[in-house]
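User: Hello! I am new to this structure and would like to understand the reasoning behind the labels people attach to it. Could we go through some of them together?

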Amino acid sequence: MSHHQSADAPVVTVPALHQWARDGRRLVMTTAYDAVTARLADPAVDMILVGDSVGNVCLGFDNTLPVSMAMMNHHLEAVARTRPRALLVADMPYLSYHLSLDETLRNAGGFLQRGAAAVKLEGGAKRADAIRALVDCEIPVMGHLGLTPQSVHVMGGFKVQGRGSQDALRVLEDAHCLQEAGCFALVLEGIPSELAARITQTLSIPTIGIGAGPHCSGQVLVLHDLLGLTQGHRPKFVRTYVDGLDFLRQALTRWAEDVRGGVFPSPAESYALPAGVQAAVAAWTPAPQTDREAR
Ligand code: KIV
């Protein structure tokens, strides 16, 4: 047990989450991409997602498509080193579960070997074979339906899904297909509240909503969004609980002013030489430079 886990906070498991959902306790998930954000998030939530949103949130990409397994493993390892008590879910990036079952299993199994307790992947019925194979290899899988960011080019942008009757029924059927395939939970992203409510009502596994209204079994938000650390457009489903950027900018500005004003660091923030060494240092003078060194 690391010093970050307390004895009275047992590690969150998939069966525990199922029990909490049955008890009517809403499930809470956020993202973390490194040790700092993992330690920040862990005491507050039930699940930590190392999301492929690391691509746009931290790595400067426009979307999640360029995120690779190497990048995900790097961020997952940093989060896993903090030994969170929250269930650690690792997001399968684009092309890591599309090419063959063999590659899918190796990639997901590698996540578990690095400390994840579950993986998440996007898509409906066409991902059922991959999900069944993963579950067969003892890998808990979280599905992800609706506005699936890896499909940005098919959707023609980040647009709410399931508004038309055909689309709505397809999302409903996909949700049941993913449950049948063995998913332990589903993320529902960017769909109308009534559709998310119907999915939640008719499934036995919990739903975790993001831009899917209040009638899901739980909610997820990207940590940097809810802490006000993301720049640019924030979707309307994001509630920002602190203007993190403004707060942190003010701190940085004050520090820069203190440096420029000569008031940082203070003696208390500095190391002192013992008196004897001080005298020796003060008495030392540089040796005169030879012609050759001066050139
Ligand atoms: O990558 C991510 O952060 C996600 C969540 C928004 C669900 O998939």
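User: To begin, where is the place of G115 in the chain?

Analyst: Welcome! One thing to keep in mind is that this is a predicted model. G115 sits in the loop that runs between helix 5 (101-113) and strand 4 (118-120).

User: Why is G115 called partly exposed?

Analyst: G115 has 17 other C-beta atoms within 10 Å. A residue counts as buried at 20 or more and as exposed at 12 or fewer. The value of 17 falls in between, so G115 is partly exposed.

User: Which residues does G115 touch, leaving aside those up to four places away in sequence?

Analyst: They are L76, A80 and L88. As for A90, 25 residues from G115 along the chain, its C-alpha atom is 9.2 Å from that of G115.

User: What makes L76 buried or exposed?

Analyst: Count the neighbours again: L76 has 24 other C-beta atoms within 10 Å. The cut-off for buried is 20 or more, so L76 is buried. L76 belongs to helix 4 (residues 69-80). Not counting residues up to four places away in sequence, L76 touches V50, A90, F111, R114, G115 and A116. By contrast, L76 and A256 are 33 Å apart in space, C-alpha to C-alpha, with their positions 180 residues apart in sequence.

User: Now the helices. Why are helix 5 and helix 6 called oblique to each other?

Analyst: Helix 5 and helix 6 (residues 128-136) pack at an angle of about 50°, and their axes are 10 Å apart. Roughly parallel needs an angle under 35 degrees, and roughly perpendicular starts at 65. An angle of about 50° fits neither, and the two helices are therefore oblique. The crossing of helix 5 past helix 6 is right-handed. On the helix 5 side the contact is made by L101, T104, L105 and A108, and on the helix 6 side by D129, A130, A133 and L134.

User: How do the residues in the contact of helix 5 with helix 6 divide into nonpolar, polar and charged?

Analyst: Six are nonpolar, one is polar and one is charged.

User: What makes helix 8 roughly parallel to helix 9?

Analyst: Helix 8 (residues 165-181) and helix 9 (residues 193-202) pack at about 25°, with axes 10 Å apart. That angle is under 35 degrees, so helix 8 is roughly parallel to helix 9. The two helices have a right-handed crossing. Helix 8 contributes A168, V171, L172 and A175 to the contact, while helix 9 contributes L195, R198 and I199. By class, this contact of helix 8 with helix 9 has six nonpolar residues, no polar ones and one charged.

User: And how do you know that helix 6 and helix 8 are roughly parallel?

Analyst: The axes of helix 6 and helix 8 cross at roughly 25° and come within 8 Å. With an angle under 35 degrees, helix 6 and helix 8 are therefore roughly parallel to each other. Helix 6 passes helix 8 in a right-handed crossing. In helix 6, A128, I131 and R132 meet C177, L178 and A181 of helix 8. That contact has five nonpolar residues, no polar ones and one charged.

User: Why does E138 count as exposed?

Analyst: E138 has 8 C-beta neighbours inside 10 Å. The limit for exposed is 12 or fewer, so E138 counts as exposed. E138 lies in the loop between helix 6 and strand 5 (141-146). E138 also has a positive phi of about 65°, although it is not a glycine.

User: What makes L95 partly exposed?

Analyst: L95 has 14 other C-beta atoms within 10 Å. That lies between the limits of 12 and 20, so L95 is partly exposed. L95 is in the loop between strand 3 (87-91) and helix 5. Its phi is near 75°, a positive value in a residue other than glycine.

User: Last one: which residues surround the ligand?

Analyst: The ligand is surrounded by T31, L49, G51, D52, S53, D91, V187, I210, V220 and V222. This shell divides into five nonpolar, three polar and two charged residues.

How values were computed. Residues numbered from 1 in each chain as written. Predicted model: local features only at pLDDT ≥ 70, side-chain atom pairs only at ≥ 80, totals over all residues. Helix = DSSP H or I, 4+ residues; strand = E, 2+ residues; numbered from the N terminus. Contact = placed C-beta atoms within 7 Å. Near = placed C-beta within 6 Å. Nonpolar A, V, L, I, M, F, W, Y, C, P; charged D, E, K, R; others polar. Axes fitted to C-alpha atoms, helices over the stretch in contact; angles between N-to-C directions. Parallel < 35°, antiparallel > 145°, perpendicular 65-115°, else oblique. Left-handed = near helix turned anticlockwise from the far one by under 90°.
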